[in-house]
Amino acid sequence: MNLNEIIRYLQNYSGKAIKIMEVCGTHTSSIFKNGIRTLISPNIKLVSGPGCPVCVTPPSVIDALIEYAKEAEVLSFGDMFRVPGSHLSLADAKARGAKVRLMYSPFEVIALAKEYPEIRFVVAAVGFETTAPVYAALIQSLIVENIQNVTLCTALKTMPEVLDYICVSEEIDAFLCPGHVSAIIGSAAYEPLCKKYKKPFVIAGFEAEHILTAVYEIVRQIEIVRHEVKNLYPSVVTEGGQTKALELLDRYFVKINSFWRGIGEIKNSGYALKSEYARFSADSLIDESPANESLPDGCRCADVMLGRNSPDECALFGTVCTPQNPVGACMVSSEGACGIWKRGS
């Protein structure tokens with residue numbers, strides 16, 4: 001079928017209601033940008049998922065980075081700056097004199113560490129499987145160059161485990177899988193979930209035609225009572241993923257239980273440095289006790305990331321919580337569903 005035929009099919013779909021989670025924030029952005037919800041039947045509902053790394057980073061990580069910034073110099077990507085911690089964001093702390101530096105690449109810390117050996121640098125290592133190999137490569141470079149004054153504060157998450165959690169806890173019929181993460185982990189990573197929960201898992205690129213084709217594939221699978229992993233992004237995603245990146249991850253990191261902002265602890269859903277590389281870890285100040293992980297009153301970021309509600313169903317959306325003054329992390333990042341909805345409204 002060509003694209004026009006696919007659109008007509010999706011517009012005229014009158015079967016049972018289908019709830020599809022687009023896990024990745026880049027997919028959410030493209031869906032908004034291209035008006036995809038207006039091109040499909042009301043019986044097909046697209047909901048956002050927990051695919052924004054900034055959005056799922058718990059307040060305790062922000063709090064730890066702020067503590068480190070009192071003595072060391074913290075390097076972070078810009079979208080982490082305004083994510084709320086328990087009391088302050090990194091931007092708030094920087095305005096009060098904390099040592100926080102914007103980075104464009106984690107490897108910037110190598111030149112800084114060599115130039116200022118008397119300063120301790122802490123890198124905010126946040127992300128999914130897409131960026132985790134970069135931090136593994138950074139550790140490798142620190143070892144090779146014998147750099148002693150750099151540590152990583154890690155909040156690295158893994159995608160299959162959170163999708164497993166969602167399959168158990170939420171009523172989602174199918175998944176539009178994240179293209180960037182899938183490029184690293186490969187399409188085969190979704191096969192156990194597909195077989196276990198009997199739901200379609202479809203990998204797609206980020207253009208409108210890619211997403212519409214993926215939605216069509218999902219709807220057709222559900223109509224004929226099938227459940228398959230389908231890779232519609234073969235130019236980027238292979239079955240086995242990027243072997244070298246995965247080997248690098250396995251060399252330096254180990255899987256651990258990890259806390260997801262507003263969601264809670266998910267088994268084996270994060271990465272920590274292996275014990276033999278503990279000298280590079282700055283995770284000791286992260287306190288993931290329940291008191292440190294609660295969201296602000298009225299914030300529904302967790303409900304948005306689990307596909308229970310759309311952003312505009314939160315009472316704070318666009319009034320108390322805005323991109324300029326975010327209450328929840330989902331309003332901060334360019335990949336956060338609330339920020340995407342607000343900018344697109």
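1. Which residues line the second largest cavity? In this predicted model, the lining is made up of Glu22, Val23, Cys24, Gly25, Thr28, Ser48, Gly49, Cys52, Glu335 and Ala337. Three elements give two or more residues each to this lining: E1, helix H2 (25-33) and strand E2 (44-51). E1 gives the most, with three residues.

2. The volume of the second largest cavity is about 40 Å³. Its lining divides by class into four nonpolar, four polar and two charged residues.

3. How many cavities of 30 Å³ or more does the structure hold? There are two. The largest cavity has a volume of about 80 Å³. Its lining consists of Cys299, Arg300, Cys301, Val304, Cys314, Leu316, Phe317, Cys321, Val327, Gly328, Met331 and Cys338. By class, 10 of these residues are nonpolar, one is polar and one is charged.

4. Now the open space. The largest pocket has a volume of about 350 Å³. It is lined by 23 residues, and Pro53, Gly127, Phe128, Thr131 and Glu335 are the closest to its centre. Glu335 also lines the second largest cavity.

5. Which elements supply at least two residues each to the lining of the largest pocket? They are strand E1 (18-24), helix H3 (53-56), strand E5 (121-127) and helix H9 (179-185). The largest share, three residues, comes from E5. E1 is thus named for this pocket and for the second largest cavity.

6. The class make-up of the pocket lining is 13 nonpolar, eight polar and two charged residues. For the largest cavity, the corresponding counts are 10, one and one.

7. Next, a helix pair. Helix H7 (residues 132-144) and helix H12 (residues 243-252) have axes that come within 9 Å and cross at roughly 60°. That crossing angle makes H7 and H12 oblique to each other. Their crossing is left-handed. On the H7 side, the contact is made by Ala132, Pro133, Ala136, Ala137, Ile139, Gln140 and Ile143. On the H12 side, Ala245, Leu248, Leu249, Arg251 and Tyr252 take part.

8. What is the class make-up of the contact of H7 with H12? It has 10 nonpolar residues, one polar and one charged. Gln140 of H7 and Arg251 of H12 are among the contact residues.

Conventions:
Residues numbered from 1 in each chain as written. Predicted model: local features only at pLDDT ≥ 70, side-chain atom pairs only at ≥ 80, totals over all residues. Heavy atoms only, no water. 1 Å grid on protein atoms, 1.4 Å probe; cavity = no way out; pocket = protein on both sides within 12 Å on 5 of 7 lines; lining within 4 Å. Points joined across faces, edges and corners; volume = space filled by probe spheres on them. Helix = DSSP H or I, 4+ residues; strand = E, 2+ residues; numbered from the N terminus. Nonpolar A, V, L, I, M, F, W, Y, C, P; charged D, E, K, R; others polar. Axes fitted to C-alpha atoms, helices over the stretch in contact; angles between N-to-C directions. Parallel < 35°, antiparallel > 145°, perpendicular 65-115°, else oblique. Left-handed = near helix turned anticlockwise from the far one by under 90°. Contact = heavy atoms within 4.5 Å.
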